[in-house]
Amino acid sequence: MMKLKVSSPAELISAVPFLIGFHPADSLTVVAMRGPEIAFAVRADLPELGAPAEEAKAAVLHLASVVIRQQVQAVAIIGYGDKERVTPAVLRVSDAFRRVGLVIIEELRVEDGRFWSFLCSDRACCPPQGQPCDPPDSVVAAEATFAGAVALPSREMFAAQVTPVSGDDRTAMTAATARAVLRLATLAAADFAPSESDPSESVAPDVAPSESVPLGTVSLGIVPLESAPLESVSGPKGVAACTDDGEPTRAAARAPGRASDGPVAGPASGTNPGPGPAQDEVPFLADETRFFQRVRRAGRKAVREAERCYRSGGRLPDDEIAWLGLLLLHVPVRDYAWTRTRTEEWELGLWSDVVRRVEPAYVPAPASLLAFVAWRSGSGVLASVAVERALDEQGDYSLAMLVHQALVNGVHPAVLDGWPAVAGAPELPRDPEDDPDSGPEPHAQPDCGTPGRPLPADSPERATHVERATRPRISHRVSRHRI
């Protein structure tokens, strides 16, 4: 565990970017302490000038409530920005802390490389023009960087990690998605053309979307994946709501829209709704149970292969990314990937790569998985932008909403230590045909693309979450005006 000694307000300010992962601007940050160590830091946007008083007050008090619930002993409050926005926010949150008996170690405002203290009235110590902040290459910053901590220039750099690919990369992924949809069709077609080979291994020929079925639609009597809902039942208590591993009931097709939680078989668009199928029509799936078993089997295999690939520093080709994204629409496949997550750096690389490359309709599942891994890894900012990306595509996606609530309420990732074997949670349903596999294989050599990921493009995004970081602890000494 990394430890940095912080003995002054300037050093604390130098440490904050490494606590939250980026250099804050127009932000209200609270660093919370238990005993001699920093327990965590949280950040929220400053209320806008001219915002209604009740709205501005509610935003600040929510930040205070997140900290108070964690039963800390002392806090330091730092506002970043101009005086008109910072001062009321700092005073409101400070008043909330004092009412519950928290010790306020320091209240600071930072702007243009200088800081001012709200607690110190000694002009010799804190002159009207403020005190200079430590330079970017300060001792604290150097020690943190040497220990492996990272402070990105801004929050937008995190948003860039989930920004969709564009240009030729997007064109290639659109074509790969069309091939993946046709590949899924072979699972349904297997009942009509039995083969010794595993139908999930089949890859559709290179066909541009315009030359085949519409993107997201398969023939052979399957409802478009974007429009096929699954019945949901409660998952593990306190963990999530998800479908079980039994077979879903047949759902009525709706008009094509966003990605649902899973694929469902149904009559093909434009077929005769009469009592009997026409001679030249492909009949409804002869065995839905067998089809969903194949989908789950293919999904589990795709998840394991992706894990092996990124664990070894590789990168999946477009066809395999599209195939994985398509199979993650089926909730049992997504939950299989979910229960296998840990807090490894390569997992962040895997799911951020999938989020950036899949078609927008397929984003909610991998974005939610990325958010969950990021939250458990202590990167609240990355978790926040991943949740926003998922909910932008599907506002009621259950796993994204679950992580969103954990972020908004400041839930500590330690509550899921030992995941997925969390105390008090029942075991997730298991497919009887699933091959035993307790986790990613550490030494497997995958057949995947070249190492590395494309550099993300910058993208503006919005901040709606209180962001909490549980990064390396920093010891501190406390005196009258020393931290």
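# Exercises on cysteines and salt bridges

Arg170 and Glu359 are both buried. The exercises below use this predicted model.

**Exercise 1.** State what joins the side chains of Arg170 and Glu359, and locate the two residues in the chain.

*Solution.*
- Step 1. The contact is a salt bridge, with an N to O distance of 2.8 Å between Arg170 and Glu359.
- Step 2. Arg170 belongs to helix H6 (residues 167-189), whereas Glu359 sits in the loop between helix H10 (345-357) and helix H11 (364-377).
- Step 3. The two residues are 189 apart, and the pair links distant parts of the chain.

**Exercise 2.** Find the salt-bridge partner of Arg340 and decide whether the two residues are buried or exposed.

*Solution.*
- Step 1. The partner is Glu307, and the closest N and O atoms are 2.5 Å apart.
- Step 2. Arg340 is in the loop between helix H9 (331-339) and H10, and Glu307 is in helix H7 (residues 288-311). This pair, 33 residues apart, also links distant parts of the chain.
- Step 3. Both Arg340 and Glu307 are buried.
- Step 4. Elsewhere, Arg315, Asp318, Asp353 and Arg357 form one network through salt bridges that share partners.

**Exercise 3.** Explain which parts of the structure the salt bridge between Glu48 and Arg85 ties together, and classify each residue as buried or exposed.

*Solution.*
- Step 1. The closest N and O atoms of Glu48 and Arg85 are 3.9 Å apart, and the cut-off for a salt bridge is within 4 Å.
- Step 2. Glu48 lies in the loop between strand E3 (37-45) and helix H2 (53-68), and Arg85 lies in helix H3 (residues 83-99), so the salt bridge ties together parts that are 37 residues apart in sequence.
- Step 3. Glu48 has a relative accessible area of 56% and is exposed. Arg85, with a relative accessible area of 12%, is buried.
- Step 4. A search of the whole structure gives 14 salt bridges.

**Exercise 4.** Determine how many disulfides the whole structure holds, and explain why Cys126 is not bonded to Cys120.

*Solution.*
- Step 1. The search of the whole structure returns zero disulfides.
- Step 2. Cys120 is in no disulfide, and the nearest cysteine sulfur to its own is that of Cys126, 3.3 Å away.
- Step 3. A disulfide needs two cysteine sulfur atoms within 2.5 Å. The sulfur of Cys126 is 3.3 Å from that of Cys120, its closest cysteine sulfur, and therefore too far for a bond.
- Step 4. Cys120 counts as buried because its relative accessibility is 14%, where buried means under 20%. Cys126 is at 15% relative accessibility and so counts as buried.

Terms used:
Residues numbered from 1 in each chain as written. Predicted model: local features only at pLDDT ≥ 70, side-chain atom pairs only at ≥ 80, totals over all residues. Heavy atoms only, no water. Buried < 20%, exposed > 50% of the residue type's maximum accessible area, 1.4 Å probe, protein only. Helix = DSSP H or I, 4+ residues; strand = E, 2+ residues; numbered from the N terminus.
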